[in-house]
Amino acid sequence: MMTDWDRRKRSAVLVREISPNFTKALAKFFGSGPTDIEASIKTHDNYIGVLEENGLEVIILPGLENHPDCCFVEDAAVIIDGAAVICNLGHPSRRGEAVSVAESLSQHLEIIFMPENANLDGGDVVFYDDYFLIGRSTRTNEDGVKFIENVCHDRGFKTFVFDIPETTLHLSTICSSPAPGILVTAEGHLQPEQFDGLDAEIIWVPNDESYAANTIGFENGCVIISDSYPKTAELMSQHGFNVTCVNMEHIRCADGSLTCLRLFFK
Ligand code: CIR
């Protein structure tokens, strides 16, 4: 058991610039895709500023012309205790994004590649205390789940697997952990019984604010959430968090959330 581990103690984060072809990003759940590259870049710059304000060193990779979704670096790797598992992304248009993420992370971490039969998007993995929560989704197959579970178990972590409903893209889209012992999740997607056996206080975000279930918490008690979700902001305040709201409009329309834009690696 890694009870002393506090995943909010982080010092460095990897992000990637918005692709010049971001208007071709995949979009199915929260909108019909980005239309304004300049506004998207502004939103992304603001997001980076918020990470810096919370004490993080930010490494920025250049955007990729051939990969419209490349800013969503969360999907390209899973960081597990000093190692980076480099993902075989589940959508064909996103294969190839992970190459430069692996190159960059190899300067800091052990690199583990997945076998060819395994597909997994990092957005289907949520780090929660001494657990890694894993989603089986349209992007993450059984072999992907098994592979990441083995890496977690080898390193002393427990795992907990969710079947992700068709109403959402990834586990992280509807579930996040802003502080030890706490999960935030969206009503109407995951069901309460799916958490049976997991020791967690669950903050349920109302269904009409489900996008706001994706949060990022920091050691100092600050949490960032997307703006425009007042019920969630209130709920988080009631739970003692110091809430900062970030405008995500031009990222949300490509089905991206706050955590999707970053990889904490140190
Ligand atoms: C995609 O469909 O792959 C992108 N448009 C959105 C990826 C969001 N990433 C995440 O939830 N981790």
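This briefing describes the ligand site and one β-sheet of the structure. The model is predicted. The ligand occupies the second largest pocket, and 16 residues surround the ligand. The sheet is open and consists of three strands with mixed pairing.

**Ligand surroundings**

- Among the 16 residues around the ligand, those that come nearest are L26, D69, E74, H170 and A254.
- By residue class, the shell around the ligand comprises six charged, five polar and five nonpolar residues.

**Polar contacts and burial of the ligand**

- The side chain of E74 places an N or O atom 2.8 Å from a nitrogen atom of the ligand.
- An oxygen atom of the ligand lies 2.8 Å from a polar side-chain atom of R139.
- At A254 the backbone is involved: one of its N or O atoms is 2.7 Å from a nitrogen atom of the ligand.
- The protein buries 99% of the 350 Å² that the ligand exposes when taken alone.

**The three-stranded sheet**

- The strand order is β2-β1-β15, and the pairing is mixed.
- Strands β2 (57–61) and β15 (263–264) form the edges, each pairing on one side only.
- Strand β1 (residues 12–16) runs parallel to β2, and five bridges join the two.
- Within this pairing, V15 has I60 in β2 as its bridge partner.
- In general, strands of a sheet pair through backbone hydrogen bonds, in either a parallel or an antiparallel manner.

Conventions
Residues are numbered from 1 along each chain as its sequence is written. This is a predicted model: local features need pLDDT of at least 70, side-chain atom pairs count only at pLDDT 80 or more; totals for chains, interfaces and linings use all residues. Side-chain values use heavy atoms; hydrogens and water are left out. A residue is near a molecule or strand if one of its heavy atoms lies within 4 Å of it. A polar contact is a pair of N or O atoms within 3.5 Å; within protein, one must be able to donate a hydrogen and the other to accept it, and residues adjacent in sequence count only if both atoms are side-chain atoms. Accessible areas come from the Shrake-Rupley method with a 1.4 Å probe; for residues, only the protein chains shown count as cover. On a 1 Å grid over the protein atoms alone, a cavity is a set of points where a 1.4 Å probe fits but cannot get out, and a pocket is an open set with protein on both sides within 12 Å along at least five of seven lines; lining residues have an atom within 4 Å of a point. A molecule sits in a cavity or pocket if more than half of its atoms lie within 2 Å of its grid points. Ala, Val, Leu, Ile, Met, Phe, Trp, Tyr, Cys and Pro count as nonpolar, Asp, Glu, Lys and Arg as charged, and the others, Gly among them, as polar. Two strands pair if DSSP finds at least two bridges between them. Helices (H or I, at least four residues) and strands (E, at least two) are DSSP runs, numbered from the N terminus.
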